[in-house]
Amino acid sequence: MKSDFSIFFKTSVLLLVLFTHSIHSTYANEEKELGTILTKMGIRYENIAQELGVAYWYFYSAEAEADLKTPKDKFYTLLINDTLNTLIDTWYPNLSEIKDTILKAQVEKWHNVLLSAKVEYDAEIMKLRNELEEMLQVSGEKDNSDYDFESNMLKLIELRNKKSVELGYKNYIHLSFETNGLGYEWFMNFIDEMDKSTLDRYTALVEKTKIENDINEFGQRNAFQFIGQFYGNNDPAKVKDSDNIELVRKSLANIGISYNELPAKLVEMKLPEGVGGQGLMINIPNDFRAVMTLGMEISTWMHEMGHGLHGLYNSINKPVLEGYEWIPGNANPSFAEGMAETSAWFTRNIEWQKEYTNLTEEEIANRKETVNTYITAFIRYHLFNFMRETELYLHPEKTYEKIQKELAKKYLLIETEDIRTQSIASIIYVSYPLYLQNYLIADMVACQVHSTLEEKFGKDYAFNNDVGAYLIKNFYSSGEYYNWNDRLIHGTGKPLDIESYLKYYKIK
Ligand SMILES: [Zn+2]
């Protein structure tokens, strides 16, 4: 009896081993097939992304007629592809079964891309979006005087919300923050924390201004003066070299990056009124171009070049992990803007300013002091700015005018009733929905990266040849393979560190 049991036991184990083995080899085969299909789809995806990139280049640089429609139609065909959608729908809930971590990251990215495409590439939404883009085009020849921007913008917002509900989300905000990598809960806590930690200092600034200017009620004009003070002192003044492209070249050479060897093209030319410029990562990692109108700040050039470095040193070699910007959900936009600002921040570095501006050390120190005085206005202006778009989706029952007035009171502490509001007809709301918070997070990312650079390379880090290699290794090379907070941990030892940011600007 005992031995019978033993045989039975052994047989069972053997069967179990065989069975498990066959499951594993099935998975291995399936995983291989998944990899093959995703490689094929990735190539198609990248070809279209590049075609659209070139079209946008023509759109901004006016080098040739821009055809945005053809590549967008191709994206539509690819992103509604049944095989692709079924494959991702099958694998995404079973991510933990995927052994190959690069393949796993691709499935996650495709999930985000396809999910946001279900909203942005929905036939009705796309049609309205294209119509609004055409009407809002700066150099557009269409007569838009009779066009009803207000109701069409509201319609677009309503459609995005409606589609998100159909897809199982509470509204478009929830869906969008799942695909952009930040997460809805994180974002809401972030707003709350930034509001609370800046309120006292900002209130004191408002009270001081009221006493000094002998005014009873703090007005919108006063708030805008604060923000003007911040921006006016944050970017370098009295820059010696008027050749911006040459100064970008020097600033990169100082950290060991040779601009001449990069497949990058920077162009300065007069653009239509209202267009500042645009940097485009057309082919990652092989083609970056930026066009800028005359007289742009060096920090703006360095910002755009930062997008370029981020893309040109990407060596992940999997299209969907390279982070093309054309489909929301592909890249983490706050990290991408963070990398652009990390580059811009070199121009805010004291040693850099000593070398490339005619500012005295005292002037530089005074300007830093002014920046610290008005930093809470900068932060709260950003909260106001991106929350007014967010609220449009969260509170469709409120008018845009009412939203703006309420938020101006809440974040900018405006006391007068006389608040000038903006029109809802914004190209950003149409083409880059829920993007504006990225610029505040970008300042925090750049601050954190620069603190690390100073710790590791000393106070002259803006002139250290090894800094470029450090940025490449820790932040650019692996593309979208790691999530944005992991990338920060690799390069700075910490996830986004709000406390240190507040300390840097002497808020805490
Ligand atoms: Zn940018």
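**Exercise 1.** State how β2 and β3 are connected and how they pair.

*Solution.* β2 and β3 form a hairpin with three residues between them; strands here are DSSP E runs of at least two residues, and helices H or I runs of at least four, numbered from the N terminus. The model is predicted, local features need pLDDT of at least 70, side-chain atom pairs count only at pLDDT 80 or more, and totals for chains, interfaces and linings use all residues. Residues are numbered from 1 along each chain as its sequence is written. Strand β2 (residues 277–283) pairs with β3 in the antiparallel sense over six bridges, where pairing requires at least two DSSP bridges between two strands. Within this pairing, Met281 has Phe288 of β3 as its bridge partner.

**Exercise 2.** Describe the pairing of β1 with β3, then decide whether β3 is largely enclosed or not.

*Solution.* Strand β1 (residues 264–268) runs parallel to β3 and is joined to it by five bridges. Val267 stands opposite Val291 in β3. Strand β3 (residues 287–292) is largely enclosed by the rest of the structure, because five of its six residues are buried (20 or more other C-beta atoms within 10 Å of the residue's own, with C-beta atoms placed from the backbone).

**Exercise 3.** Classify the packing of α9 and α15 from their angle.

*Solution.* Helix α9 (residues 220–234) and helix α15 (residues 361–394) pack at about 130°, with axes 8 Å apart; axes are lines fitted to C-alpha atoms over the stretch in contact, and angles run from 0 to 180 degrees between N-to-C directions. The two helices are therefore oblique to each other: under 35 degrees counts as roughly parallel, over 145 as roughly antiparallel, 65 to 115 as roughly perpendicular, and the rest as oblique.

Conventions
Buried ≥ 20, exposed ≤ 12 C-beta atoms within 10 Å, placed from the backbone.
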